[in-house]
Amino acid sequence: MVYAMNETVEHLLSWRYATKRFDSTKTISDRNWETLELSLLQAPSSFGLQPWRVITVRDATVREKLRKVSWNQSQVVESSHFIVLAAQTSMGESDVDRAMRRICEVRGLTPESLSSYRGLIISFLDDLKARGVLEEWCTHQAYLALGILLSTSAMLQIDACPLEGIEPKAYDEILGLSSRGLHTKVACALGYRSDQDHSAQLKKVRIPQEELFLRR
């Protein structure tokens, strides 16, 4: 049974590719979209702070605007669903306190029991700020979520294409993110591949395993 599961996972990882053309007539079901959203919600992040937000763009007019600042890539408008991952531009004690309150709510703990943990996180964030890498750290957290999303979509045999060929500042303006302390990092189109997407038939090109994996 485990062997069969391994084969299934390996097949789906090979099946997955960065889809270039989506079939705009096919839509992700509500049930599958709930699962994809759950994958983002359950994605790992340092200290569980989740310093990023997901913007689901459904409005066709907004998507057309985003396409113009995305190298005119058709995935923005042809895909069933289109999301943007935006990282927080700053973090402070209020963010940590919100996280602590949520831990207490879910796990039935008291704020006093988390005081040391709270201090540790604040010290960590202060160090990131002092070194000028806080937003970079938030970006890394957003990409952890993207990785989980891509893996989950493959398991559901839903196609996806992460998009970095975008103008983040223009995205921020179109989506009104700056006023919310967010900055666009990466977008992702999800749906079902078009029969016209010849990229689906191409073999994946990766460096040899012996070059990728360094064993000591």
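**Exercise 1. Leucine 13 and its patch**

Task: In this predicted model, find the helix that holds leucine 13, and state whether leucine 13 is buried or exposed, or in between. Then name the residues of the nonpolar surface patch.

Solution:
1. Leucine 13 sits in helix H1.
2. Its relative accessible area is 41%. Partly exposed runs between 20% and 50%, so leucine 13 is partly exposed.
3. The patch consists of Met1, Met5, Val9, Leu13 and Met155. Its area is about 530 Å².
4. Helix H1 spans residues 2-15 and is the top contributor, with 3 residues in the patch.

**Exercise 2. A salt bridge inside one helix**

Task: Characterise the contact between arginine 31 and glutamate 34. How are the two placed along helix H2?

Solution:
1. Side chains of opposite charge can pair when their charged atoms come close.
2. For arginine 31 and glutamate 34, the closest N and O atoms are 3.7 Å apart. The cut-off is 4 Å, so the pair forms a salt bridge.
3. The two residues are 3 apart in helix H2, which means a separation of about one helical turn.
4. Check the accessibility of each partner. Arginine 31 reaches 55% and counts as exposed. Glutamate 34 has 47% and counts as partly exposed.

**Exercise 3. Arginine 118 and its partners**

Task: Work out which residues share a salt-bridge network with arginine 118. Where in the chain do these partners lie?

Solution:
1. Start with glutamate 93. Its side chain meets that of arginine 118 in a salt bridge, N to O at 3.0 Å.
2. Arginine 118 belongs to helix H6 (residues 115-130) and glutamate 93 to helix H5 (residues 93-107), so this pair ties together parts 25 residues apart in sequence.
3. Turn to aspartate 97. Arginine 118 also forms a salt bridge with aspartate 97, at 2.5 Å from N to O.
4. This pair again links distant parts of the chain, with arginine 118 in helix H6 and aspartate 97 in helix H5, 21 residues apart.
5. Put the pairs together. Glu93, Asp97 and Arg118 form a network of salt bridges.
6. Compare each accessibility with the 20% and 50% limits. Arginine 118 has 26% and is partly exposed. Glutamate 93, at 46%, is partly exposed. Aspartate 97, at 24%, is partly exposed.
7. For the whole model, the count is 9 salt bridges.

**Exercise 4. Two helix pairs**

Task: Describe how H5 packs with H6, and how H2 packs with H7. What is the handedness of each crossing?

Solution:
1. Two packed helices are described by the angle between their axes and the distance between the axes.
2. Take H5 and H6. Their angle is about 150 degrees and their axes are 10 Å apart.
3. Angles over 145 degrees count as roughly antiparallel. H5 and H6 are therefore roughly antiparallel.
4. H5 passes H6 in a right-handed crossing.
5. Now take H2 (residues 30-41) and H7 (residues 134-155). Their axes come within 8 Å and cross at roughly 150 degrees.
6. By the limit of 145 degrees, H2 and H7 are therefore roughly antiparallel too.
7. The crossing of H2 past H7 is right-handed.

**Exercise 5. Positive phi in loops**

Task: Examine phi at glutamine 50 and glutamine 157. In which loops are these residues found?

Solution:
1. Recall the background. Most residues other than glycine have a negative phi.
2. Glutamine 50 is not a glycine, yet its phi is positive, about 45 degrees.
3. Glutamine 50 lies in the loop between H2 and strand S1 (52-56). Its relative accessible area is 26%, so it is partly exposed.
4. Glutamine 157 also has a positive phi, near 55 degrees.
5. The loop between H7 and strand S3 (159-163) holds glutamine 157. At 41% relative accessible area, glutamine 157 is partly exposed.

**Exercise 6. The whole chain**

Task: Give the element count, the element order, the overall dimensions and the buried share of the protein chain.

Solution:
1. Count the elements. The protein chain has 9 helices and 4 strands.
2. Read the order from the N terminus: α-α-β-α-α-β-α-α-α-β-α-β-α.
3. Box the C-alpha atoms along the principal axes. The box is roughly 60 × 45 × 35 Å.
4. Apply the burial limit, under 20% relative accessible area. Of the 216 residues in the protein chain, 41% are buried.

Methods
Residues numbered from 1 in each chain as written. Predicted model: local features only at pLDDT ≥ 70, side-chain atom pairs only at ≥ 80, totals over all residues. Heavy atoms only, no water. Patch = residues over 30% accessible without salt bridge, like charges linked within 9 Å, V, L, I, M, F, W, Y side chains within 5 Å. Areas by Shrake-Rupley, 256 points an atom, 1.4 Å probe, with all protein chains shown as cover. Buried < 20%, exposed > 50% of the residue type's maximum accessible area, 1.4 Å probe, protein only. Axes fitted to C-alpha atoms, helices over the stretch in contact; angles between N-to-C directions. Parallel < 35°, antiparallel > 145°, perpendicular 65-115°, else oblique. Left-handed = near helix turned anticlockwise from the far one by under 90°.
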